[in-house]
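Thanks for making the time this morning. I would like to walk through one model with you, going from a few single residues out to the chain as a whole, and I will try to be careful about what can be said at each step.

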Amino acid sequence: MYSKSVDQITILHGDRTKLKDLLRLRLIECGWNDQVRYLCRQAIAENGQTNVDAVVQVVTPEARTLIPDVVKRELLQKIRMSLLQQERLDVSISSR
């Protein structure tokens, strides 16, 4: 089990969609989307960037720093819980 990545495990067990939905909801609730939208507009105005890839490259580092720690901690806790549940399931299946 430890050789599998978190991504593989969450995809296999349907938790990935739930986690993405939770993240999306929390980011909306804290106003992160609005902040990133503002950063995008600012990058376009300052740099004349109209290429989406260029805007993403400019905005991504700052956007990541704007994610509240409480959101990161909540998501990490959910991922850990998911992994522990899967580990318990794997152990119970292998002990049969």
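Let me begin with a question: in which helix is valine 52 found? The model is a predicted one, and in it valine 52 is found in helix 4. With a relative accessible area of 59%, valine 52 is exposed, because the cut-off for that class is over 50%. If you look from there towards cysteine 40, which is 12 residues away along the chain, you will find that the C-alpha atoms of the two residues are separated by 9.5 Å.

Cysteine 40 itself falls in the middle class, being partly exposed with a relative accessible area of 24%, and cysteine 30, at 35% relative accessibility, counts as partly exposed too. Since cysteines have come up, I should add the general point that a disulfide is a covalent bond between the sulfur atoms of two cysteines. A search of the whole structure finds zero disulfides.

Now to the last helix I want to discuss, helix 5, which covers residues 69-94 and holds leucine 75. Is leucine 75 buried or exposed? Its relative accessible area is 15%, and because buried means under 20%, leucine 75 is buried. Once the neighbours within four places in sequence are left aside, leucine 75 is in contact with Leu19, Leu22 and Leu23. For one of these, leucine 19, I can also give the spacing: leucine 75 and leucine 19 are 56 residues apart in sequence, yet 7.2 Å apart in space, taken C-alpha to C-alpha.

Valine 70 also lies in helix 5, but this residue counts as exposed, at 52% relative accessibility. Between the C-alpha atoms of valine 70 and arginine 26, which are 44 residues apart along the chain, the separation is 9.5 Å.

Let me turn to the pockets. The largest pocket has a volume of about 160 Å³, and its lining is made up of Trp32, Val36, Cys40, Val56, Val59, Thr60, Ala63, Arg64 and Ile67, so the cysteine we met a moment ago, Cys40, appears here again. Which helices each supply at least two residues of that lining? They are helix 3, spanning 32-47, and helix 4, spanning 52-65, and it is helix 4 that gives the most, with five residues. In terms of chemical character, the lining divides into seven nonpolar residues, one polar and one charged.

Finally, the overall picture, which I have kept for the end. The secondary structure of the protein chain comes to five helices and zero strands, and read along the sequence the pattern is α-α-α-α-α. Of the 96 residues in the protein chain, 21% are buried, while the chain exposes about 7,400 Å², with carbon and sulfur atoms supplying 55% of that area. Among contacts with a separation of 6 or more, 63% are accounted for by residues 24 or more positions apart, and the contact between leucine 75 and Leu19, at 56 residues apart in sequence, is one that you can inspect for yourselves in the model.

Definitions and conventions: Residues are numbered from 1 along each chain as its sequence is written. This is a predicted model: local features need pLDDT of at least 70, side-chain atom pairs count only at pLDDT 80 or more; totals for chains, interfaces and linings use all residues. Side-chain values use heavy atoms; hydrogens and water are left out. Helices (H or I, at least four residues) and strands (E, at least two) are DSSP runs, numbered from the N terminus. Buried means under 20% relative accessible area, exposed over 50%, partly exposed in between (1.4 Å probe, protein chains only). Contact means heavy atoms within 4.5 Å. Accessible areas come from the Shrake-Rupley method with a 1.4 Å probe; for residues, only the protein chains shown count as cover. On a 1 Å grid over the protein atoms alone, a cavity is a set of points where a 1.4 Å probe fits but cannot get out, and a pocket is an open set with protein on both sides within 12 Å along at least five of seven lines; lining residues have an atom within 4 Å of a point. Grid points are joined across faces, edges and corners, and a volume is the space filled by probe spheres set on the points. Ala, Val, Leu, Ile, Met, Phe, Trp, Tyr, Cys and Pro count as nonpolar, Asp, Glu, Lys and Arg as charged, and the others, Gly among them, as polar. A disulfide is a pair of cysteine sulfur atoms within 2.5 Å.
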